[in-house]
Amino acid sequence: MNHAKATDYTVVLHKYDGTIEEVDEWFSLGVARKIAAKAYEARVSVVNSPVKAIEITDFNGNRVQFVEF
């Protein structure tokens, strides 16, 4: 029997204007970290980006990882 990975994690973007943008999909932790890493690279390369923080949360809303600029 093949064990499926838990898809309990999502990526959340916090913007300077106070809004929060959440990805409307759930991923495994490894995939969520890859998405957050791509978002980080994109944020670093954009001048005057509206994103001030990138967060990975689990299904229960617990913070797993948080990076603030």
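**Why these labels? A predicted model**

Reader: Why is Glu55 called buried?

Author: Glu55 has a relative accessible area of 8%, and buried means under 20%, so Glu55 is buried. Keep in mind that this is a predicted model.

Reader: What makes the contact between Arg63 and Glu55 a salt bridge?

Author: The closest N and O atoms of Arg63 and Glu55 are 2.9 Å apart. The limit is 4 Å between a side-chain nitrogen of Lys or Arg and a carboxyl oxygen of Asp or Glu, so this pair qualifies. A search of the whole structure finds two salt bridges.

Reader: Which side chains meet in a salt bridge with an N to O distance of 2.9 Å, one of them being Lys15?

Author: Those of Glu21 and Lys15. Glu21 has 40% relative accessibility, so Glu21 counts as partly exposed: buried ends at 20% and exposed starts over 50%.

Reader: And why does His14 count as buried?

Author: The relative accessibility of His14 is 15%, and the cut-off is under 20%, so the label follows. His14 lies in strand β1 and touches, among others, Ile20, Val51, Glu55 and Phe66.

Reader: How do you know that β1 and β3 pair?

Author: Pairing asks for at least two bridges, and seven join β1 (residues 9-15) to β3, so they pair, in the antiparallel sense. One example is Val12, whose bridge partner in β3 is Glu55.

Reader: What makes β3 and β4 a pair too?

Author: Five bridges link β3 to β4 (residues 63-68), again antiparallel, and at least two are needed, so the test is passed. Ile56 stands opposite Gln65 in β4. Four residues lie between the strands of this hairpin, where Gly61 takes a positive phi near 85 degrees.

Reader: How many residues of β3 are buried?

Author: Seven of the eight residues of β3 (residues 51-58), so the strand is mostly covered.

Reader: How do you know that the length of α1 agrees with what a helix should span?

Author: Helix α1 (residues 29-45) has 17 residues, which at 1.5 Å a residue should span 24 Å. Its end C-alpha atoms are 24 Å apart, so the two values agree.

Reader: Why do you say that the buried residues of α1 line one face?

Author: Ala32, Ala36 and Arg43 are buried in α1. Seen down the axis, the buried residues fall within an arc of 35 degrees, so they line one face of the helix. What covers them includes β1 and β3. On the other side of α1, Lys34, Lys38 and Ser45 are exposed.

Note on methods. Residues numbered from 1 in each chain as written. Predicted model: local features only at pLDDT ≥ 70, side-chain atom pairs only at ≥ 80, totals over all residues. Heavy atoms only, no water. Buried < 20%, exposed > 50% of the residue type's maximum accessible area, 1.4 Å probe, protein only. Helix = DSSP H or I, 4+ residues; strand = E, 2+ residues; numbered from the N terminus. Contact = heavy atoms within 4.5 Å. Expected span 1.5 Å × (residues − 1). Arc of directions from axis to C-beta. Lists of a residue's contacts leave out its neighbours within four places in sequence.
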